[in-house]
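Colleague: Could you take a close look at one part of this model for me? I would like to hear about the charged side chains that pair up, and what lies around them.

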Amino acid sequence: MEDVEPTVEQLHAKLQTQEGWLQELQRAKDQETNDALKLFDKLHTLTKQLETRLNGLSNEISVVQRSTEDTAHHNATALEQQQAAAADQLLRVDQRMNALDGAMQRCIALSESTVEVTKAELA
C-alpha cells in the first residue's frame, strides 16, 4: 500500500481547524487573564480597605488608651487628695479627742478636789 499524501484542500482544512483551536485557546487564556486581573484588583481594593480600617482601629485604640491613662491619673490624683483630706480630718479629730480628754481629766480632778473640800467643810 502506498502512502496517500493529503491533498492541499485537506491540509488547508486541517490548518484552519488548528488555527480555530489556537484562537479558542487564546480567547480562553485572555478571559482567564482578565478574570485574574479583576480578582487581583478586587483583592487590592479589599486590602486597602482593610488597611484603612486597621489604621482607624489603631487610632481609636490609641485614643481610648490615652483617655484611660488620663482618667487613671486623674483618679489617682483625686484619691491622693481624698486620702490627704481624710488624714487631716483624722488629725483634727485626734487633736479634739486629746483636748476633750484633757478637759475631762481636769473636770475629774476638779470634781475630786470639790468632793475633798466639801468633805472637809462637812467634817
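**Salt bridges in the predicted model**

Modeller: Happy to! Let us begin with Glu 24 and Arg 27, whose side chains form a salt bridge, with 2.7 Å from N to O. Please keep in mind that this is a predicted model. Both residues belong to helix H1, which covers residues 8–122. Glu 24 and Arg 27 are 3 residues apart, about one turn of the helix. As for exposure, Glu 24 is partly exposed, at a relative accessible area of 45%. Its partner Arg 27 is partly exposed too, at 48%. Partly exposed here stands for the range between 20% and 50% relative accessible area, so a value of 45% puts Glu 24 in that class.

In total, the structure has 2 salt bridges. Another pairing joins the side chains of Arg 53 and Glu 60, with an N to O distance of 3.6 Å. The cut-off for a salt bridge is 4 Å, so the 3.6 Å contact of Arg 53 with Glu 60 counts. Arg 53 is partly exposed, with 46% relative accessible area, and Glu 60 is partly exposed as well, at 44%. As a general point, side chains of opposite charge can pair when their charged atoms come close.

There is also a nonpolar feature to look at. Leu 50, Leu 54, Leu 57 and Ile 61 make a nonpolar surface patch of about 370 Å². One of these residues, Leu 50, is part of helix H1, the helix that also holds Glu 24 and Arg 27.

Conventions:
Residues numbered from 1 in each chain as written. Predicted model: local features only at pLDDT ≥ 70, side-chain atom pairs only at ≥ 80, totals over all residues. Heavy atoms only, no water. Helix = DSSP H or I, 4+ residues; strand = E, 2+ residues; numbered from the N terminus. Buried < 20%, exposed > 50% of the residue type's maximum accessible area, 1.4 Å probe, protein only. Patch = residues over 30% accessible without salt bridge, like charges linked within 9 Å, V, L, I, M, F, W, Y side chains within 5 Å. Areas by Shrake-Rupley, 256 points an atom, 1.4 Å probe, with all protein chains shown as cover.
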